[in-house]
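Please open the model in your viewer and keep the selection box handy. We will go from stop to stop, with something to select at each one.

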Amino acid sequence: MRLRGIGFIIMLLSILLTISGCGFGFEKTLNEIDPPKVDYVEEGKQLDDEDAGAVEESGAEGAEGEQAADATTGMTARELYLLDANGMVVPQTVQLPAVEGAAKQALEYLVVDGPVTEMLPNGFKAVLPAGTVVQGIDQMENTLVVDFSNEFKDYAAENEKQILEAVTWTLTQFEGVEKVKIQINGYDQTEMPVNGTPIGESFSRANGINHEMGNVVDVSNSEDITVYFMAQSDDYAYYVPVTKRMEGVSNDVKGVLKGLMEGPPVHSGLFTNISKDVKLLNAKEEDGLLTLDFNDAILTGAEDKVLEKELLNTLVLSLTEQTKVEEVAITVDGNAEVVDDSGKSLSEPVSRPVDVNKVGF
């Protein structure tokens, strides 16, 4: 009996050691599992619903201005360029389902009577003609080639530039996408189909948005400079990009600030919070960081050193449209002790706002 008892104990110990050994082996196996295979779209390959990864890859979420998908809701933030009540093309950041075909999805949310309908802010509308279908998207290096169905041509001539700008600025939100080429039923379009607005080989943000010529006389001695003003719809204030044609300036910091201080076009419905008394005392750009020193006219209260958040956003949005500027630091009369109107210190550099004109979050 004693021998049988000893044998049972030995057998039990053997089983326990075997189970313990399996545990160690399982942990090792988890660590040694090969990472999932990633398929990259080769240059010129079609991007459809199943393998539109190249655009999503180029639109990588993170520090470049896009948000990662929410693991709980499966949603992500996207900028859609829509028309406001003044006929301006305006970015609206909305929550969309996170999908691989992000570029195609974004365009589908620009279609009249499409999925964007239920999320439009008051006074806003989609820009692409009802029934327009995105038949395909190819990525060729930094250019997206978009093939629209024939319904794309069913728009009023006066909306042509807004449509071209809305498509271009919506698609160039994705990292690595700088230009857009338009096709209809597989045929390249070098000009828009209704009113002949030139597209050329491709279209980009460098072509501007919401153009305003002003009183320019000498076009050859002028530059396009894109700045952000504000608009109001009921109790909703939002930022609007405007490309101004300006004489005697360069598309640099001083040119941007001059464009802001000159203010928006008359009768445009836009406004700015920058006082005419504001003066730039010094500017320094190094490795993407732009440090600006203003006089105290930029503050709402000189003693409190308060800089309105809307004014700060206007500055940062306008200045970061330049490719070299990534962050902006503000000082006043050389003093870095400045806060926004919520009391947040501005002693650290400010990057471009991620959710421009956030809707329904």
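The tour below starts with a hairpin, moves on to charged pairs and ends with two single residues.

Before you click, note that this is a predicted model, where local features need pLDDT of at least 70, side-chain atom pairs count only at pLDDT 80 or more, and totals for chains, interfaces and linings use all residues. Residues are numbered from 1 along each chain as its sequence is written, and side-chain values use heavy atoms, with hydrogens and water left out.

**Stop one: the hairpin**

Select residues 222-233, strand 9, together with residues 236-247, strand 10; they pair in the antiparallel sense over twelve bridges. Strands here are DSSP runs (E, at least two residues), helices are H or I runs of at least four, and both are numbered from the N terminus. Two strands pair if DSSP finds at least two bridges between them. Strands 9 and 10 form a hairpin with two residues between them, and Asp234 in the turn has a positive phi of about 55 degrees. Now pick Val227: Val242 in strand 10 stands opposite. Nine of the twelve residues in strand 10 are buried (buried is under 20% relative accessible area, exposed over 50%, partly exposed in between, with a 1.4 Å probe and protein chains only).

**Stop two: salt bridges**

How many salt bridges does the structure hold? There are seven, each a side-chain nitrogen of Lys or Arg within 4 Å of a carboxyl oxygen of Asp or Glu.

Stay on the hairpin and show Arg245 and Asp224, whose side chains meet at 3.1 Å, N to O. Arg245 belongs to strand 10 and Asp224 to strand 9, so this salt bridge ties together parts 21 residues apart in sequence.

Next, select Glu321 and Arg205, a salt bridge at 3.8 Å, N to O. Glu321 sits in the loop between helix 6 and strand 14, and Arg205 in the loop between strand 8 and strand 9, so the pair links parts that are 116 residues apart in sequence.

**Stop three: Asp340**

Select Asp340 in strand 15. Is this residue buried or exposed? Asp340 is buried yet has no salt bridge, and the nearest side chain of opposite charge, Lys309, is 5.2 Å away. (Lys and Arg count as positive, Asp and Glu as negative; His and the chain ends are not counted.)

**Stop four: Asn282**

Finish at Asn282 in strand 11, which is partly exposed at 47% relative accessible area. Measure to Leu292, ten residues along the chain: the C-alpha atoms are separated by 5.9 Å.
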